[in-house]
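User: Please examine the model shown below. I would like each term to be justified by its definition.

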Amino acid sequence: MTLKAGDKFPEGVNFLYIAYTPEVADVKACGIPIPLDFDKEFGDKTVVIVSIPGAFTPTCTANHIPPFVEKFETLTSKGVDAVIVLSANDPFVQSAFGKVNGVTDESFIFATDPAAEFSKSVGLSLDLPPAFGTRTARYAIIVSKGVVKYIEKDANGVVGSGVDAVLAAL
Amino acid sequence: MTLKAGDKFPEGVNFLYIAYTPEVADVKACGIPIPLDFDKEFGDKTVVIVSIPGAFTPTCTVNHIPPFVEKFETLTSKGVDAVIVLSANDPFVQSAFGKVNGVTDESFIFATDPAAEFSKSVGLSVDLPPAMGTRTARYAIIVSKGVVKYIEKDAKGVVGSGVDAVLAAL
């Protein structure tokens, strides 16, 4: 991991996502992917990035993301402007994953790190061939006004990348 | 496309899938991926392979797969032993996609062509960087007792790879 607390968050980071709207509320309806320019959208905000190796996979679905959904209001009450759930899955899969997790808030975004490029650039990717390819590792980052406040990667299970650890760091 | 009607279906083709069981019926519960050995499982059967570039994407979800679900019994009444919906999405995503399409029949399988290897080997893959990578093209194949009876690829929309064209060819 080449990024640590106190570092400036890298510039020029772009993700892809499909914004939730009531028209595409049904998990089988599809929106259109658009870019998420991190600097532009969040340069002056506090954001929690939660990265998962795969949508719909056991740990991610059962243990990692639902607690962030349950405690979203606690996060926002502690100054978090947005939560971004990140994976290398394409935006259509991420959008469906957000819907099945019951998330409709525009500040709780399910986004794609295309080809895990950003995560790879900061040493936070992992290779899971053949069916999974290069994925984003399981990690959480708190970025506030462009500075990394917290960054933890989990090799096994959900510890530093879980919502309780993130809340404790806010 | 290097495979045509009348050819023997390639040997040694393996996919990955998660078998549906009531325990993992909830779209947020996860099973475990296992190999699908095409020769062993289907060497003496009639199978329809329907390939889609991506689960949860507009055409695939709205137009292509639901008609196969609706007409599954018509397919089996015409001698089809199994339908395999194939994509390069990982087995967890494919399993979730099957569930949201309401499919629970063990002969209607949502499987992964890992890294689109099989599809690439027969000229039926498509490159969609950066967020989607190499995917399986939109196509349908009818294999009966190891011989290709029908093979059609659609560059746009759902025509030769749709259920009505497949039914007409059975």
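Analyst: Between chain B and chain A the count is 2 salt bridges. This is a predicted model, in which local features need pLDDT of at least 70 and side-chain atom pairs count only at pLDDT 80 or more, whereas totals for chains, interfaces and linings use all residues. Residues are numbered from 1 along each chain as its sequence is written, chains are lettered from A in the order in which they are written, and side-chain values use heavy atoms, with hydrogens and water left out.

User: Why is the pair Asp90(A) and Arg135(B) called a salt bridge?

Analyst: The term requires a side-chain nitrogen of Lys or Arg within 4 Å of a carboxyl oxygen of Asp or Glu. The closest N and O atoms of Asp90(A) and Arg135(B) are 2.8 Å apart, so the pair meets the definition.

User: What makes residues of chain B and chain A count as in contact?

Analyst: Contact means heavy atoms within 4.5 Å. By that rule, 26 residues of chain B are in contact with 25 residues of chain A.

User: How do you know what area is buried between chain B and chain A?

Analyst: Buried area is the accessible area (1.4 Å probe) that two parts lose on being put together, summed over both. For chain B and chain A the value is about 2100 Å², and carbon and sulfur atoms give 74% of it.

User: Which classes make up the side of chain B that touches chain A?

Analyst: That side has 18 nonpolar, 5 polar and 3 charged residues. Asp, Glu, Lys and Arg count as charged; Ala, Val, Leu, Ile, Met, Phe, Trp, Tyr, Cys and Pro as nonpolar; and the others, Gly among them, as polar.
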